[in-house]
Amino acid sequence: MISVSGVRKSFGAATVLNGVDLEIRQGEVVSVLGSSGSGKSTLIRCINGLEKIDAGKITVDNFDVSKPRELSEARKRSGTVFQLFNLYPHMTAVQNVALAPVEVLKVPRKQAEAEARELLKSVGLSDRADAYPSQLSGGQRQRVGICRALAMKPSYLLLDEVTSALDPEMTSEVLSILAKLAKGGTTMVFVTHEIEFARSISTRIAFLDKGTLIADLPTEEFFSDKGMALPRVAQFLSKMRKD
Amino acid sequence: MRYGDFTPFDIVLLLQGLGVSLALFVSTTLIGLVIGTAWAVIRFYRVPVLAQIVAFIAELLKNSPVLVQLFLVFFGLPAFLKINVTPTEAAVITLSGNSAAFIYVIAVSAIESVGRDQIEAARVFGLTRWQILRRVIAPQAAAFAIGPLTGLLVNQLQVTSLISVIGVMDLTKVGNILNLRTLKPFIVWTAVGALYYLTAKLVAYAGGRFEKRLRAHTAWRGL
C-alpha cells in the first residue's frame with residue numbers, strides 16, 4: 001500500500017501540496033486529475049522521493065520515503081514513467097530497460113537483456129530493441145519508458161502525465177498498453193489529462209485543486225452527480241470535454 | 001665530413017628527442033586526466049571545502065604561464081621547501097598540473113551537460129550515486145568532452161616544448177643542440193616542426209576516431 005498522509009510541500013513561497021491524504025491499495029488504478037499547477041506531478045515526485053516533503057508522511061509498503069535508509073526499499077517497489085521519457089540517450093532500448101535490473105537487482109546481464117527484449121516485444125517494439133532513443137518516435141520512446149519501469153517488477157507503477165508530450169496517435173499507442181496493464185492487475189497511480197481514458201481504466205479518481213485533494217471517489221461516483229456536485233470538478237470536466 | 005654537417009645519427013637524436021617529448025606528453029596527460037576528472041567530480045558533488053580548494057588551484061594554474069609554473073617548481077621547490085627535483089620531475093609535475101587544470105574545466109562542463117532528467121530517472125530506479133556516475137554520467141560526459149579534449153591535447157603537446165629550457169632532452173632541446181652545431185636553423189627547425197606537426201595530427205586523428213565511437217548514439221549525418 002502507498003500511504004500519503006498530511007503531506008505538505010512548497011517551493012519557496014508557492015505552496016504546491018497543502019495537506020494531501022491518499023491511500024493506494026494493491027490492485028487499484030487511481031487516476032489523479034486536476035488542472036496544470038495543481039500539484040499532480042509534485043505528488044508523484046514526492047512518492048518516489050525526488051522531492052523532499054516539508055510535512056506529513058509517505059510510505060510505500062510501510063517504508064518511509066523520507067528516511068534515506070528506507071527510501072531505496074520504497075523505490076524498489078515503485079516504478080516511475082516520466083512525462084518526457086527521461087531515457088538514457090547513450091543506451092539502446094534494451095540497455096535502457098536492463099540497466100536498473102543489472103545494477104540494482106544484480107540480475108546477470110544476459111538474463112536482464114533477454115527479459116528486456118521480452119518486455120519490448122510485449123509493447124510491440126521487438127524490431128526496435130537495439131535502436132537508440134534518438135532513433136525512436138515519441139510513442140516508441142514512452143513505450144521503452146514503460147518497459148524500463150516494468151523491468152524492476154514494481155508493485156506500483158507511478159505514471160506522470162505519460163502521454164502529454166505525445167500526439168493523439170502516439171497517445172493511443174501508449175494508452176492501449178496501459179489499459180492492458182490495468183486489466184492484468186498492475187497497481188497504478190496515473191497522473192493525467194486524459195479524462196476519458198482515466199474513466200475507462202481507473203478504479204478511483206482523485207482530484208487535486210491548488211494542492212488540496214478535493215475529491216477521492218470511486219470512478220463511477222466521480223463521474224456521476226456526486227462528483228458534479230463539487231463545483232470545481234464540474235467546471236474542470238466541462239472545460240476538458242469542450243476541448 | 002665537417003663538424004657542422006648533418007649525419008645520419010642526427011635522425012636518431014631527433015627521434016630520441018621525440019620519444020622524450022611523447023613520453024612526457026602521454027604520462028602528464030594521463031596524470032592530468034585522473035586529477036582533472038577527480039576535481040570535476042568533487043565539484044559536481046559540491047564537496048564542502050575541497051570543491052573551493054580545487055576551484056582555487058585550477059584558477060591559479062589556468063591563469064599563469066606554464067613557463068613561470070615550471071620555474072617555480074624547478075627553482076622554487078629546492079629554494080623554499082628544500083625539495084630537490086630533477087628537470088624531468090619538474091616537467092612532469094608542472095605539465096600534469098597544467099593539463100589537470102584545463103581538463104577540469106572541460107570535465108566540469110561535460111558533466112553538467114548531462115540532462116538532470118536522466119539522473120532523476122536513474123535515482124528513481126534505485127541506482128547509487130556511484131552507479132549513476134559510472135553508467136549514466138561518465139559515458140555521456142566522455143562523448144561531450146572528447147572534442148574539446150582533443151583540441152587541448154594537441155595544444156599540450158606543443159606546450160611540452162617549454163621544458164627544454166630547464167634541460168630536459170626533448171625534441172626541442174635536441175633541435176636546439178643540432179642548430180648550434182650545424183648553424184642551419186631553417187633545416188633543423190623545419191624538421192623539428194614537421195615532427196611536432198605529424199605527432200599532433202596523430203593525436204587529432206586518434207581523438208576523432210575515439211569521438212566517433214563515443215558518439216555512436218547521436219549518429220549525426222549532417223544537414
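How many residues does the contact take from chain B, and how many from chain A? In this predicted model, the answer is 17 residues from chain B and 19 residues from chain A, and the tour begins there.

**The contact of the two chains**

Colour the chains separately and select, on chain B, helix H5 (116-124) and helix H6 (129-159), which are the elements that give two or more residues to the side of chain B that touches chain A. If you then colour this side of chain B by residue class, you will find 7 nonpolar, 6 polar and 4 charged residues.

**Two helices of chain B**

Stay with chain B and select helix H1 (residues 8-44) together with helix H7 (residues 171-182), whose axes come within 7 Å and cross at roughly 150°. Because angles over 145 degrees count as roughly antiparallel, H1(B) and H7(B) are described as roughly antiparallel to each other. To see the contact itself, show the side chains of B:Asp10, B:Leu13, B:Leu14, B:Gln16, B:Gly17, B:Leu18 and B:Ser21 on H1(B), and then those of B:Leu171, B:Lys173, B:Val174 and B:Leu178 on H7(B). Taken by class, the residues of this contact comprise 6 nonpolar, 3 polar and 2 charged.

**The sheet of chain A**

Turn now to chain A and display its strands as a cartoon, where an open sheet of 4 strands follows the order S2-S1-S4-S5 with antiparallel pairing. Strand S2 (14-24) and strand S5 (63-64) of chain A lie at the edges, and each has a single partner strand, so one side of each is left without a neighbour in the sheet. For a look at one of these edges, select strand S4 (residues 55-60) of chain A with S5(A): the two run antiparallel and are joined by 2 bridges. Within S5(A), A:Asp64 is the bridge partner of A:Thr59.

**The domains of chain A**

Finally, give separate colours to domain 1 (1-61 + 155-243) and domain 2 (87-153), the two into which chain A is divided. The centres of domain 1 and domain 2 of chain A, taken over C-alpha atoms, are separated by 26 Å, and the contact takes 8 residues from domain 1 of chain A and 8 residues from domain 2 of chain A. Which helix should be selected for the largest share of the side of domain 1 of chain A that touches domain 2 of chain A? Choose helix H6 (residues 168-183) of chain A, from which 4 residues of that side come. By class, the side of domain 1 of chain A that touches domain 2 of chain A has 7 nonpolar, no polar and 1 charged residues.

Definitions and conventions:
Residues are numbered from 1 along each chain as its sequence is written. Chains are lettered from A and ligands numbered from 1 in the order in which they are written. This is a predicted model: local features need pLDDT of at least 70, side-chain atom pairs count only at pLDDT 80 or more; totals for chains, interfaces and linings use all residues. Axes are lines fitted to C-alpha atoms, for helices over the stretch in contact, and angles run from 0 to 180 degrees between N-to-C directions. Angles under 35 degrees count as roughly parallel, over 145 as roughly antiparallel, 65 to 115 as roughly perpendicular and the rest as oblique. Two residues are in contact if their C-beta atoms, placed from the backbone, lie within 7 Å. Ala, Val, Leu, Ile, Met, Phe, Trp, Tyr, Cys and Pro count as nonpolar, Asp, Glu, Lys and Arg as charged, and the others, Gly among them, as polar. Two strands pair if DSSP finds at least two bridges between them. Domain bounds come from an automatic or database domain assignment.
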